[in-house]
Amino acid sequence: MEKVTVYTKYNCVQCKMTKKFLEAQGIPFKEINIEEETQFVEELKANGHRQTPVVAVEGLPAFSGFRPDVLKKISA
């Protein structure tokens, strides 16, 4: 089971960059497109997230946006 979940939506450049970074680092992740699975939208908003991607990593606080500085810590 993947320890990284990436919440994305269509036409999201930062989402594409995040997924590309994770793939390049060989980090497995689960993608949830919130435009297809709308039940996650309210949950993300309730947790203070206002933009995609939202990256949830087991054991770390979730964050929004393309954050290579944080993503590098996952691969370490």
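**Close-up views of a predicted model**

**View 1. The largest nonpolar core of this predicted model has twelve residues.** Its members are V4, V6, F21, L22, I27, F29, V55, V57, F63, V70, L71 and I74. Four elements each supply at least two of these residues: β1 (4-8), α1 (13-25), β3 (54-57) and α3 (68-75). Helix α3 gives the largest share, three residues. A second, separate core has six residues, including I32, I34, F40 and V54. In soluble globular proteins, nonpolar side chains tend to be buried together.

**View 2. F63 contacts residues distant in sequence and has a charge over its ring.** Leaving out residues up to four places away in sequence, F63 touches H49, P53, V54, V55, V70 and L71. F63 also belongs to the largest nonpolar core, as do V55, V70 and L71. V54 is listed in the second core instead. What sits over the ring of F63? The charged end of R67 does, 5.9 Å from the ring centre.

**View 3. Four strands build an open sheet.** The order is β2-β1-β3-β4, and the pairing is mixed. Strands β2 (30-33) and β4 stand at the edges. Each has a single partner strand, so one side of each is left without a neighbour in the sheet. Strands β3 and β4 run antiparallel to one another and pair over two bridges. V54 has S64 in β4 as its bridge partner. Strands of a sheet pair through backbone hydrogen bonds, either parallel or antiparallel.

**View 4. One disulfide is counted, between C12 and C15.** The two sulfur atoms are 2.2 Å apart. Which hand does this disulfide have? The torsion about the S-S bond is about 80 degrees, so the disulfide is right-handed. Both cysteines fall below the 20% cut-off for burial. C12 has a relative accessibility of 7% and counts as buried. C15 is buried too, at 1%.

**View 5. Two aromatic pairs are counted, and one joins Y7 to F40.** The ring centres of Y7 and F40 are 5.7 Å apart. Their planes meet at 55 degrees, so the pair is tilted. Y7 lies in strand β1 and F40 in helix α2 (residues 39-46), so the pair ties together parts that are 33 residues apart in sequence. Y7 and F40 are both buried. F40 is also a member of the second nonpolar core.

**View 6. F21 and F66 form an edge-to-face aromatic pair.** The distance is 6.3 Å centre to centre, with 70 degrees between the planes. This pair links distant parts of the chain, 45 residues apart. F21 is in helix α1, whereas F66 is in the loop between β4 (63-64) and α3. Is each ring buried or partly exposed? F21 is buried, with a relative accessible area of 15%. F66 is partly exposed, at 23%. F21 is also one of the residues of the largest nonpolar core.

**View 7. K19 of helix α1 contacts T8, F29 and E31.** Neighbours within four places in sequence are left aside here. Among these contacts, F29 is a residue of the largest nonpolar core. How far apart in space are K19 and K30? Their C-alpha atoms are 9.8 Å apart, and the two residues are eleven places apart in sequence.

Definitions and conventions. Residues numbered from 1 in each chain as written. Heavy atoms only, no water. Disulfide = S-S within 2.5 Å. Buried < 20%, exposed > 50% of the residue type's maximum accessible area, 1.4 Å probe, protein only. Core = buried A, V, L, I, M, F, W, Y, C linked by side-chain atoms within 4.5 Å. Contact = heavy atoms within 4.5 Å. Phe/Tyr/Trp six-rings, centres within 6.5 Å; stacked < 30°, edge-to-face > 60°. Lys NZ or Arg CZ within 6 Å of the ring centre and 35° of its normal. Pairing = 2+ DSSP bridges.
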